[in-house]
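Q: Please take a close look at one part of this model for me, and at what surrounds it. I'd like the story told in one go.

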Amino acid sequence: LSPNFFRIVFKKILNLSPHEYLIAVRIKKACKHLSETDFPISEIAQLCGFETQSYFNNVFLNEVGTTPYKYRKENRKEM
């Protein structure tokens, strides 16, 4: 498959680009870590495949509508 053909087929099937899908998977994993662990946010960013915490914060805010810190505070699960 050529990269372009892959993107077209992927988008047609999932209605998301491969990049959008990857971001969604990473954010879902980050949400789980934020609500279920005490890992520092910088560590969660790395575990979820983000280069920097700053980039993670920006993407998280854009996708979820709140910061990782606020998300953790509001969705904390008792351990």
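**A helix and its neighbours**

A: Let's start at the edge: Gln-53 touches Ile-41, Ser-42 and Ala-45, leaving out residues up to four places away in sequence; contact here means heavy atoms within 4.5 Å. A quick word on the ground rules: this is a predicted model, where local features need pLDDT of at least 70 and side-chain atom pairs count only at pLDDT 80 or more, while totals for chains, interfaces and linings use all residues. Numbering runs from 1 along each chain as its sequence is written, and side-chain values use heavy atoms, with hydrogens and water left out.

Gln-53 sits in helix α4; helices are DSSP runs (H or I, at least four residues) numbered from the N terminus. With 34% relative accessibility, Gln-53 counts as partly exposed, a class between buried (under 20% relative accessible area) and exposed (over 50%), using a 1.4 Å probe and protein chains only.

Now for α4's partner. Helix α2 covers residues 18-36 and α4 residues 53-64; their axes come within 11 Å and cross at roughly 95°. Axes are lines fitted to C-alpha atoms over the stretch in contact, with angles from 0 to 180 degrees between N-to-C directions. That crossing makes α2 roughly perpendicular to α4, the label for 65 to 115 degrees. On the α2 side, His-19, Ile-23, Ile-27, Ala-30, Cys-31 and Leu-34 make the contact; α4 brings Tyr-55, Phe-56, Val-59, Phe-60, Glu-63 and Val-64. By type, that's 10 nonpolar, one polar and one charged. Here Ala, Val, Leu, Ile, Met, Phe, Trp, Tyr, Cys and Pro count as nonpolar, Asp, Glu, Lys and Arg as charged, and the others, Gly among them, as polar.

Plenty of α2 is tucked away: Ile-23, Ile-27, Ala-30, Cys-31, His-33, Leu-34 and Ser-35 are buried. They pack against α3 (41-47), α4 and α5 (68-75).

That brings us to the largest nonpolar core, which has 14 residues; Ile-27, Ala-30, Leu-34, Ile-44, Phe-50, Phe-56 and Phe-60 have the most contacts inside it. Such a core is a set of buried Ala, Val, Leu, Ile, Met, Phe, Trp, Tyr and Cys residues joined through side-chain atoms within 4.5 Å. At least two of its residues come from each of α2, α3 and α4, and α2 gives the most, with five. From α4's side, Phe-60 touches several α2 residues, including Ile-27, Ala-30, Cys-31 and Leu-34. In soluble globular proteins, nonpolar side chains do tend to be buried together.

Conventions
Angles under 35 degrees count as roughly parallel, over 145 as roughly antiparallel, 65 to 115 as roughly perpendicular and the rest as oblique.
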